[in-house]
6 protein chains.
Amino acid sequence: MRTGGRTADQLRPVRITRGYTIHAEGSVLVEFGQTRVLCTASVEEKVPPHKRGSGEGWVTAEYGMLPRATHTRGDREAARGKQSGRTQEIQRLIGRSLRAVFDLKRLGERSIQLDCDVLQADGGTRTAAITGAWVAAQDAVNRLLAEGKLKESPITSHVAAVSVGIVEGTPLLDLEYVEDVSCDTDMNVVMTGAGHYVEVQGTAEGVPFTRKEMDELLRLAEKGIAELVQMQEAALKA
Amino acid sequence: MRTGGRTADQLRPVRITRGYTIHAEGSVLVEFGQTRVLCTASVEEKVPPHKRGSGEGWVTAEYGMLPRATHTRGDREAARGKQSGRTQEIQRLIGRSLRAVFDLKRLGERSIQLDCDVLQADGGTRTAAITGAWVAAQDAVNRLLAEGKLKESPITSHVAAVSVGIVEGTPLLDLEYVEDVSCDTDMNVVMTGAGHYVEVQGTAEGVPFTRKEMDELLRLAEKGIAELVQMQEAALKA
Amino acid sequence: MRTGGRTADQLRPVRITRGYTIHAEGSVLVEFGQTRVLCTASVEEKVPPHKRGSGEGWVTAEYGMLPRATHTRGDREAARGKQSGRTQEIQRLIGRSLRAVFDLKRLGERSIQLDCDVLQADGGTRTAAITGAWVAAQDAVNRLLAEGKLKESPITSHVAAVSVGIVEGTPLLDLEYVEDVSCDTDMNVVMTGAGHYVEVQGTAEGVPFTRKEMDELLRLAEKGIAELVQMQEAALKA
Amino acid sequence: MRTGGRTADQLRPVRITRGYTIHAEGSVLVEFGQTRVLCTASVEEKVPPHKRGSGEGWVTAEYGMLPRATHTRGDREAARGKQSGRTQEIQRLIGRSLRAVFDLKRLGERSIQLDCDVLQADGGTRTAAITGAWVAAQDAVNRLLAEGKLKESPITSHVAAVSVGIVEGTPLLDLEYVEDVSCDTDMNVVMTGAGHYVEVQGTAEGVPFTRKEMDELLRLAEKGIAELVQMQEAALKA
Amino acid sequence: MRTGGRTADQLRPVRITRGYTIHAEGSVLVEFGQTRVLCTASVEEKVPPHKRGSGEGWVTAEYGMLPRATHTRGDREAARGKQSGRTQEIQRLIGRSLRAVFDLKRLGERSIQLDCDVLQADGGTRTAAITGAWVAAQDAVNRLLAEGKLKESPITSHVAAVSVGIVEGTPLLDLEYVEDVSCDTDMNVVMTGAGHYVEVQGTAEGVPFTRKEMDELLRLAEKGIAELVQMQEAALKA
Amino acid sequence: MRTGGRTADQLRPVRITRGYTIHAEGSVLVEFGQTRVLCTASVEEKVPPHKRGSGEGWVTAEYGMLPRATHTRGDREAARGKQSGRTQEIQRLIGRSLRAVFDLKRLGERSIQLDCDVLQADGGTRTAAITGAWVAAQDAVNRLLAEGKLKESPITSHVAAVSVGIVEGTPLLDLEYVEDVSCDTDMNVVMTGAGHYVEVQGTAEGVPFTRKEMDELLRLAEKGIAELVQMQEAALKA
């Protein structure tokens, strides 16, 4: 029995709030149930060294978690003096996912920096972050278009993400924390609006999984991501 | 002319929202106008080495700012690998201010960790943080009392803080960002509910200030803090 | 046309040399074509803090690349003062992969530390590392069995890994460097001897990939890993 | 009863020795009783990035304490790999204090770096450092004037500092270590030669302090700083 | 009695294998008995800041040890976040030794970076590294000559190194690990092909040594280095 | 012609001032001409982990240089966040040198920490540091003997050090800075009171040196160290 009587293939309630803070070019609070991530998109009129003079822009991401976003307090990474391997893995994933739907040539020599900060964690923070960051990026791009700095959008498609997993033998969509810690297999799937894969990261936490299980997980993820893409669209129209 | 027609001795609209996130023992969003700081209080049943076996507890604070809490994006301290001098200065100030109203013996050998994270900055983040952290600490203590882990509260008084400054010759209460950057003198004042000083930190950013100006600034601060203490009280009753 | 006339579903020549260095309990040089990784397994009669008193052991991995393992010299991570995000991601993957086939209870309160150091890189260093580390771990376990420190092996299955990818529309097995840099999709697959999945990490470097392409990639990986498992077995018998 | 029969409003014996070391443009050993701080001023014909091309110069400070300057040995910050929050707080204070009496435009695009290193500590190291650094800066400026690199002095006033505090209910001037550790309130005051405030940093270490106590502390500080300014003047004439 | 019946003034079997890896301009595996060090020479067409515009090149070295090169596993320096004092001392020694036989003007504004990584340690890793690095540097220079980037060789002489020491009163040449840990005096000597000294580093680990002992150690080192220079020459001709 | 008309085999004026600061158990300012190093010896009633329970004590050293001890200002290592390779090399040398004349068993399970901080540099800082640190250690040991914590001295001999070098073909004793930067060979020699070697570190900065030159350098060093030992003795009697 899942929280709130969710079925196995049902997303948690998703909320996407645009303009959550005032300074960033895009600022979105995304909520997957109790998971809350603030995603901001910052435009900077410069690019990192490896892109200088290329005529291309850059899109990158950083991820963080407030120390008490979790059940028990975690160390503050700034105080400890380094980002954990987990943090780096997640922010690299977010960056790659967003770049997959960006035409960097069309962006021109400027950067969009996506900051995804978890205010409250209940499983699925990285997939919520990708889903929300795309909306924040869209808002930043729309501003550049409105200001005439861009003639056409460099965003080529939606991108959204969801976690799936096998808990006590049952494949489930969009795991919350208690499901996540007890699952045998955990998979994060990132797809475009066209239903193509950008990233698939499946890990057997307990028993290795079969091809049949993987097929079932991919089916669930596809369903969930299609719904998330509609919610992104709805949020942009709001 | 101040934003929203504020008078020189008027606070910005202050909002104190308790229970802002679900995991922490105390979780408060404090807003001084557009400045928004999330203050969480986490109880841990252990103390740092210098307090072990002393029968006394410990209260400490950490401070952070989301990269895009500000007009232009700042570096993420976790990525850069160290906290700035400014960050350390502020978190030390918050920690000292809260300890000033804590009877550590009465707290027993446990810690209260205060995390103050700025979601949106518009001047006065450290004073908002102190004001909100006190409410979060109160909520955490109330839970310890309710659970029977504490018999009497270790909190001996309110503590709240406000900034004051001299802008173009005029002493002002509760500076917002545009006032802060153009002020000649900037002073942060921390006081107890009884109207006594815990910290006074005045800095001449431009022209050094006279004793007469300091007296005027202290008068403004006293007025503002008395109002903040009432708002803390009201928030706790809500 | 692939180097050496390889077909699309053909592994590079694989060599597994046991006892490559003298001090480690297990020491294996694994070569996938020109990629050469030295994998050592070190037994330590202690466990990290989170396992102390649990009756369980621990298996973990670290990964490194000699500065001139690559075409152009890379910075030495020890000199730069930190491991890159890529390095951390890879060593976490290797550790998880090996733990997936270890019964930590049966290992007892001791650790096996796997060090995978790339002497020469030509694509697929992480998959070679996993494949070689399993053989090194097996050698270390066999020594513990021979010394009577273990009664039964804690290793529950083979584990091996291979990369697959889509280059100019063609799915290929076991990418070498020139294929890797030009591929649209890159996938690392880790499987047990029983043909079940431990990890699947697929990334669209260029064009997002379809479900049909993923199915084809998984088929290639399954074929390659089955062959690698046989080579592991042959190496252990040599 | 204070050491040496000092009265409550009396400074410790102060000695200011110019030319203490040979290489620096200004080199001053300042002694407040047993507290001994070596202050050097180094002129560099370049400015940090935020001042380049501005036509303005820069004045900044660094602070350190020899490991055995204190009663019990402290860690060497260089060995530990970072400066403590306390160290950073102090060096930021020294830098701001000196900049308050510098006309950076008149200095031209060059820097004066003040290094304040505590050889022996007995309370009041930061106030001694500010007082001594001003004399070292003056010597460096005089050399620039003598060399014709400057036409007029960029130093607009004296700056000096002293600590005051309340020990067992009695306000005292210029606390030495044993007074400092037992005081209820500790205040560092930085003033110009004209008697205006540059910094006021008061902290209740024990009982919060009243407005009346603050007034008394400020009175003591004003007296002490006026005397220190005379000693700076005398030292420059020696 | 020494391993393999070596006499006191006999080197261990030395092997110098060129072209050990494929990417570096020079790549040499040097073996002094069980000690195995991989030395690569990387040419870069740029120089560090202190040489820019000087018309001179630069030669520098870095040293590392694989974690399980030794009897018991050592920490990975990249994971610990810094190089040990020992590592830095050794890589500075290697760099100075090689620069002693380089005419940096003749090298032109380019760098040769020597990486010496210990695959297996059994005493004398730094002396093996110097001996092997010279051969790797020679290979890199020969390639520059062949490509016409250099007209004449910047290498002015051979350089090679050996350790000597006093074990239980007996002076020995080329200490292996068990001799090294039990010796009273340990000396590393670096000499040119002409028999002149580049470095002499003698340390009394136990009893201080006399002038007579030093003379005997220097005699042994001279003999050993003359043999090593012949082996370098032979390797280059192979 | 040397400064002050010194002959080739003459030391600079040496001054050893005991009790230079008040807190340390031993505190010595040692001056070799214009080089001034403050050496403190701190006794701690504990030992590092590798000596716990061994019944033996430990002697170790740290070295630092004030930023403006030199002609041009050097970076502050504490601010830069790490000690340079040179600093680590020197402090390791000082520690080894002092341990060479300490019977750690007789010291008992306590530590003597030697801090050598250069106030003013003019060549030979490490040799002055060793020479001064021995006197500081002697003072600390004498205090332990006086307090009855030690029955007999753990110090088995004097230890002192001097630099020698070849400048324009002439071997010189005790190089000052201008000689040091122009010398072809630089050698630091550490000897006991009995005239035996503890450390010999010779480096060809320019032209490699011959055996005959080394013999001459060792002769000069022996002469200088014998004189330094007499000055240590005289200082202790003062």
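A residue is called buried when its relative accessible area is under 20% and exposed when that area is over 50%, with the range in between called partly exposed. With a relative accessibility of 19%, D:V14 therefore lands among the buried residues. Keep in mind that this is a predicted model.

**Around D:V14**

D:V14 sits in strand β1 of chain D, which covers residues 14–18. Setting aside neighbours up to four places off in sequence, the residues in contact with D:V14 are D:E31, D:F32, D:L228 and D:M231. For a distance check, take D:A129: 115 residues separate D:V14 from D:A129 along the chain, and their C-alpha atoms are 12 Å apart.

**Chain A as a whole**

Let's zoom out to one full chain. Chain A has six helices and nine strands. Its radius of gyration is 18 Å, close to the 18 Å that the globule rule gives for 238 residues, so chain A is as compact as a globular protein of that length. If you want a box, the C-alpha atoms fill one of roughly 55 × 40 × 35 Å along the principal axes.

How much of chain A is buried? Of its 238 residues, 62% count as such. Take the contacts in chain A between residues at least 6 apart in sequence: 68% of them join residues at least 24 apart. The accessible surface of chain A comes to about 8800 Å², and carbon and sulfur atoms account for 49% of that. On the charge side, chain A carries 30 positive and 33 negative side chains, with the centres of the two sets 4 Å apart.

**Which chains don't touch?**

Chain A and chain F share no contact, and their closest C-alpha atoms lie 12 Å apart. Chain C and chain D don't touch either, with 12 Å between their nearest C-alpha atoms.

**Strands that pair, within a chain and across chains**

Now to chain E. All eight residues of strand β9(E), residues 197–204, are buried, so the strand is largely enclosed by the rest of the structure. On the same chain, strand β8(E), residues 185–192, pairs with β9(E) in the antiparallel sense over seven bridges. In that pairing, E:D186 stands opposite E:T203. The two strands make a hairpin with four residues between them, and E:G195 in the turn has a positive phi of about 80°.

What does β9(E) pair with in chain F? Its partner there is strand β9(F), residues 197–204, again antiparallel, over five bridges. Here E:G202 stands opposite F:V200.

Chain F also offers F:T192, found in strand β8(F), which spans residues 185–192. F:T192 has a relative accessibility of 4% and so counts as buried. Beyond residues up to four places away in sequence, F:T192 touches F:V101, F:S157, F:H158, F:V159 and F:V198, as well as E:P208 from chain E.

Parallel pairing turns up in chain C. There, strand β4(C), residues 58–65, and strand β5(C), residues 111–120, pair in the parallel sense over eight bridges. C:G64 has C:D117 in β5(C) as its bridge partner. Strand β4(C) is mostly covered, with six of its eight residues buried.

**Two glutamates with a positive phi**

Most residues other than glycine have a negative phi. C:E168 goes the other way, with a positive phi of about 45° although it is not a glycine. The residue belongs to the loop between β6 (159–167) and β7 (170–173) of chain C. Over in chain D, phi of D:E168 is near 45°, also a positive value in a residue other than glycine. D:E168 is in the loop between β6 (159–167) and β7 (170–173) of chain D.

**One more loop residue**

B:I155 is placed in the loop between α4 (125–146) and β6 (159–167) of chain B. Residues it touches, not counting those up to four places away in sequence, are B:V101, B:F102, B:W134, B:A137, B:Q138 and B:V141. B:G132, 23 residues from B:I155 in sequence, is 15 Å away in space, C-alpha to C-alpha.

Here are the accessibility values for these residues:

| Residue | Relative accessible area | Class |
|---|---|---|
| F:T192 | 4% | buried |
| B:I155 | 11% | buried |
| D:V14 | 19% | buried |
| C:E168 | 71% | exposed |
| D:E168 | 73% | exposed |

How values were computed. Residues numbered from 1 in each chain as written. Chains lettered and ligands numbered in written order. Predicted model: local features only at pLDDT ≥ 70, side-chain atom pairs only at ≥ 80, totals over all residues. Heavy atoms only, no water. Rg over C-alpha atoms; globule rule 2.2 N^0.38 Å. Buried < 20%, exposed > 50% of the residue type's maximum accessible area, 1.4 Å probe, protein only. Contact = heavy atoms within 4.5 Å. Areas by Shrake-Rupley, 256 points an atom, 1.4 Å probe, with all protein chains shown as cover. Lys, Arg positive; Asp, Glu negative; His and termini not counted. Charge placed at Lys NZ, Arg CZ, Asp CG, Glu CD. Pairing = 2+ DSSP bridges.
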